[in-house]
Amino acid sequence: MHDVPRRDFLARALRWGAWGAGTALGGVLLEGCAPSSTKRPVATTSLAVAERASAADWRRLAASLRGVLVRPSSPSYARDRLLFDAALAPRRPQGIAYCASNDDVARCVAFAREHAVPVTARSGGHSYAGYSANDGLIVDLSRLHSVDVVDSDSALVGAGTRLIDLYDSLAKRGRLVPGGSCASVGFAGLALGGGIGVLARRYGLTCDNILETTTVSADGSQLRVAPDSHPDLLWAQRGGGGGNFGVTTSFRVRTYPVGPLALFTLHFAWEAAQEVLMTWMHWIGHQADELWANCLLQSEGLDGLNVEVSGVWCGSVNDLATVVDSFVRALGTKPTSSFVGGEDYLHAMADEAGCSSLSLAACHLVGDGAGTLSRAAFRAKSSYVVAPWSDARVTRALNSLALVSRRAPDLGASLAFDSYGGAISRVDPAHSAFAHHDALAGIQATHSWSTFSSPTQIATGDEWLRELGANVFESRDGAYVNYIDPTLEDWLDAYYGASVAKLVRVKSAVDPDDLFHFAQSIPVKSTTSAPG
Ligand SMILES: Cc1cc2nc3c(=O)[nH]c(=O)nc-3n(C[C@H](O)[C@H](O)[C@H](O)COP(=O)(O)OP(=O)(O)OC[C@H]3O[C@@H](n4cnc5c(N)ncnc54)[C@H](O)[C@@H]3O)c2cc1C
């Protein structure tokens, strides 16, 4: 099985329609595409945000910081307020504080509290719903991007570290932390909400590898959050979602030795899609922890629909070839192309991020140093597979994808099934707030577009997501908070399931006045208990 010479490893980055660096941001298309939640006010009082702190107050804040405060009059403001998703209408923050220390973060939180200015943390800016932006103060952690090896099996990671920099820094020391695919995602946002990636069945979710954090709480304290200090908050920060409990400035995380990796990709004709997905759902639950695999069904516009099964094996190529063979035999249909081969760890991570031919410096977003990666315009909906689906449900999913492919050929639309199980599933609920450890797979439906796509096609993509949510995904199966979805109605239960009650208790204890509030933040109970 070696007949694809150059494997386009997972190619996740390509699934997001790249948004040209020179796009007129804030233009007609972007304004028209903003999800409704981004237009909701985050204000907690009727006073306009701009009036809550005077120009002199903002100057005093700027003077007190080691880092830099960007104001609306700053020349870099237009770029500094952008998030990764080019479909989000940019907010109008009164200040963007590029914090250079924990004390800077504490000063910003104190300023927000004192002046009743809405405050939000931003690390990588990849929130799907734009919850790391507001019209008040954005506490930007991108300057806190250090990676220090603490001891033989842990590292201290700055909140704003980009995933590719984390992988690179640790790989030089022969270590790794299981993370996610996209190079420019910020560590804090990923880790606080979960963190599913190609090494998760072997080493667990990122959140479950958090050993301790330093977090600036709503009252401005710099908390050491560890098993012997605020243990309930530590539990909540393992999967309870970014933005809820304070601003985390660093994480001590467990690391693992880098070992041999092997990769595979199989392509199938669309006619085999039903059989491939059904077989994949039954097969993946019986595989060793060493295997992670994904089943991707995608519309590539005029190029039609395709089916790809790919994955990563922590071990030798020969052993992976046997495992892949077992899938093809169970299926009974031959792939149209296949690849199985070995790969260096860091190169595999770069490949996954769509950076295989780029230098490390170029594998960052445009505007971040010498970065060349484009932002993307997309919308998404997530769910979980808790047990293999019925034939009828798979048929409904495939038919809906085929329909959107026909109706909106300009969109890139896909349904991605990412395997869970393995080490992910062996986590005690007392360890972590993450609520979907028992899932067989996570699902993400996305549609992405370019500057040339028409509003009608984009609306067709949105309608497809709505239709999937109503007729294919089951709300009781849950949703992934890191694919945060402003259109979800029962979002609290969907993201957090059995962890809701305790999360509300922790939130109420550490942020009783709901300073860290956004449209889908964990609510505060009116009566509170002592912090955990
Ligand atoms: C292209 C792309 C690929 C992705 N691939 C994966 C993947 O492979 N696996 C996966 O699990 N997820 C993936 N994600 C989802 C990603 O994990 C989430 O979007 C995550 O929240 C992004 O973190 P961020 O720091 O970049 O985002 P931000 O927008 O900065 O933050 C996200 C949320 O966390 C809060 N937050 C940020 N920093 C802090 C902090 N220091 N302290 C407290 N709260 C904070 C923000 O206020 C916001 O609510 C992907 C997203 C994109 C856009």
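Begin the tour of this predicted model at helix α8, which gives the most to the shell around the ligand, with five residues.

**The ligand shell**

Select α8 (187-193), then add β4 (119-122) and β11 (247-254); each of these elements supplies at least two residues of the shell around the ligand. Next, display the whole shell: 34 residues surround the ligand. Which of them are the closest? They are G124, G180, G186, G189 and G242. Colour the shell by residue class, and it divides into 14 nonpolar residues, 19 polar residues and one charged residue.

**The two domains**

Colour domain 1 (40-140) in one shade and domain 2 (147-257 + 497-510) in another; the protein is divided into these two domains. With the ligand still displayed, note that its shell draws at least three residues from each of domain 1 and domain 2. Place a marker at the centre of each domain, taken over C-alpha atoms; 23 Å separate the two centres.

The contact between the domains takes 16 residues from domain 1 and 18 residues from domain 2. Select now the side of domain 1 that touches domain 2. Which elements give two or more residues to this side? They are α6 (102-115) and β4. The largest share, six residues, comes from α6. By class, this side of domain 1 has eight nonpolar residues, seven polar residues and one charged residue. Strand β4 deserves a second selection: it supplies at least two residues of the shell around the ligand, and it also gives two or more residues to the side of domain 1 that touches domain 2.

**Helix α15**

Move to helix α15, residues 455-471, which has 17 residues. From its first C-alpha to its last it reaches 24 Å, close to the 24 Å expected at 1.5 Å a residue. Show the side chains of this helix and ask which of its residues are buried. The buried residues of α15 are I458, T460, G461, W464, L465, L468 and G469.

**Confidence**

Finally, colour the model by pLDDT. The protein averages a pLDDT of 90, and 90% of the residues score at least 70. Select residues 1-45, where the pLDDT is below 50; beyond near neighbours in sequence, this stretch has 102 contacts in the model. Then select residues 528-532, where the pLDDT is also below 50; this stretch has 15 contacts in the model beyond near neighbours in sequence. Where pLDDT is low, the predicted coordinates should not be read in detail.

Notes:
Residues numbered from 1 in each chain as written. Predicted model: local features only at pLDDT ≥ 70, side-chain atom pairs only at ≥ 80, totals over all residues. Near = placed C-beta within 6 Å. Helix = DSSP H or I, 4+ residues; strand = E, 2+ residues; numbered from the N terminus. Nonpolar A, V, L, I, M, F, W, Y, C, P; charged D, E, K, R; others polar. Domains from an automatic or database assignment. Expected span 1.5 Å × (residues − 1). Buried ≥ 20, exposed ≤ 12 C-beta atoms within 10 Å, placed from the backbone. Contact = placed C-beta atoms within 7 Å. pLDDT = per-residue confidence, 0-100.
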